Amino acid sequence: MTARSGVPDIVVSRLPLYLRTLKQLQRVGVQLVSSKQLGDILSLTPAQIRKDLNWFGEFGRQGKGYDVSYLIAQLERILHVDRVWDMIVVGAGALGLALIHYPEFETNGFRIVALYDNDPAKIGQQLGGLEVRDVRLMPEDVQRHGWRIGVIAVPEGAAQAVADQMVKAGIRALLCYAPVILALPPHIQVQYIDPIVHLQHMTYYLLENNVD
């Protein structure tokens with residue numbers, strides 16, 4: 001996949017990793033970092049890091065590396081997280097509750113502004129400073145406020161219907177925690193969070209390396 005700007009999606013997918021690593025370095029007082037140092041942390045070659053960043057401009061100085069604060073600001077601009085993005089969550093169960101209490105969203109440019117469910121027993125409750133709203137109100141809310149990011153925190157069987165409803169309302173980017181592959185229009189951005197997939201990835205290597 002290639003982004004509209006011509007940048008390969010695999011490059012875009014590495015930019016948040018660079019940003020996270022740079023912020024970790026900044027927190028411990030690092031002011032300059034080389035592509036080799038970044039590569040050592042991320043298990044990437046210095047050439048790959050330089051090639052990725054060169055899609056967007058020249059950010060480093062020969063022999064001196066990258067200014068950490070400057071590169072953070074540039075990556076935030078490129079990823080459009082130099083602003084705050086409002087998000088909605090559909091699903092007010094244990095996962096939805098955990099999401100609205102996760103502090104890293106807002107410190108990284110994302111703010112959960114609405115929580116929806118279809119359970120009459122949950123609708124109207126106050127959870128994490130948000131009132132659980134009837135999911136039937138979600139399309140009108142999305143259109144009125146112009147929200148573009150939605151999080152799906154419902155069971156597998158309900159995920160596709162919820163995604164369809166969100167897309168129809170105007171949501172253009174979805175973060176899906178349900179263990180299902182959604183059928184969506186090609187212009188919709190979707191990312192899946194499924195811990196089972198990552199665990200299965202790791203268990204392959206456990207026996208391959210004779211660790212038991």
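In strand 9, L174 is the bridge partner of G150, and that pairing is a handy place to enter this predicted model. The chain contains 9 helices and 10 strands. Of its 212 residues, 36% are buried. Below is a friendly tour, starting from the strands around G150 and moving on to the helices.

**Around strand 8**

- Strand 8 covers residues 149-152 and runs parallel to strand 9 (residues 173-176), with 4 bridges joining the two.
- Strand 8 also runs parallel to strand 4, again through 4 bridges.
- Within that second pairing, V151 in strand 8 is the bridge partner of V89.
- I149 and V151 point one way from strand 8, while G150 and I152 point the other way.
- Are these four residues buried or exposed? I149, G150, V151 and I152 are all buried.
- As background, side chains in a regular strand alternate between the two faces of the sheet.

**The open sheet**

- An open sheet of 3 strands is arranged in the order 1-3-2, and its pairing is antiparallel.
- Strand 1 (32-33) and strand 2 (60-61) are the edge strands, each pairing on one side only.
- Strand 1 pairs with strand 3 (residues 65-67) over 2 bridges, in the antiparallel sense.
- L32 stands opposite D67 of strand 3.
- In general, strands of a sheet pair through backbone hydrogen bonds, which may be parallel or antiparallel in arrangement.

**Helix 1 against helix 2**

- The axes of helix 1 (residues 9-27) and helix 2 (residues 35-42) come within 11 Å and cross at roughly 105°.
- That crossing makes helix 1 roughly perpendicular to helix 2.
- Which residues meet here? From helix 1 they are L17, Y18, T21, L22 and L25, and from helix 2 they are L38, I41 and L42.
- Sorted by class, this contact of helix 1 with helix 2 has 7 nonpolar residues, 1 polar residue and no charged ones.

**S35 in helix 2**

- S35 belongs to helix 2.
- With a relative accessible area of 9%, S35 counts as buried, because the cut-off for that class is under 20%.
- Leaving aside residues up to four places away in sequence, S35 touches P46, I49, R50 and Y66.

**Helix 7 and its two sides**

- Helix 7 spans residues 138-145, and M138, P139, D141 and V142 in it are buried.
- Why can these residues be said to line one face of the helix? Seen down the axis of helix 7, the buried residues fall within an arc of 165°, so they line one face.
- On the other side of helix 7, E140, Q143 and R144 are exposed.
- The buried residues of helix 7 pack against three strands and a helix: strand 4 (85-90), strand 5 (110-117), strand 7 (130-134) and helix 8 (156-169).
- Strand 4 thus turns up in two places, as a packing partner for the buried residues of helix 7 and as a parallel neighbour of strand 8.
- Just after helix 7, G146 takes a positive phi of about 75°.

**The chain as a whole**

- Taken along the principal axes, the C-alpha atoms fill a box of roughly 60 × 50 × 35 Å.
- Among contacts in the chain with a separation of 6 or more, 55% come from residues 24 or more positions apart.

Note on methods: Residues are numbered from 1 along each chain as its sequence is written. This is a predicted model: local features need pLDDT of at least 70, side-chain atom pairs count only at pLDDT 80 or more; totals for chains, interfaces and linings use all residues. Side-chain values use heavy atoms; hydrogens and water are left out. Axes are lines fitted to C-alpha atoms, for helices over the stretch in contact, and angles run from 0 to 180 degrees between N-to-C directions. Angles under 35 degrees count as roughly parallel, over 145 as roughly antiparallel, 65 to 115 as roughly perpendicular and the rest as oblique. Contact means heavy atoms within 4.5 Å. Ala, Val, Leu, Ile, Met, Phe, Trp, Tyr, Cys and Pro count as nonpolar, Asp, Glu, Lys and Arg as charged, and the others, Gly among them, as polar. Buried means under 20% relative accessible area, exposed over 50%, partly exposed in between (1.4 Å probe, protein chains only). The arc is that of the directions from the helix axis to the C-beta atoms. Two strands pair if DSSP finds at least two bridges between them.
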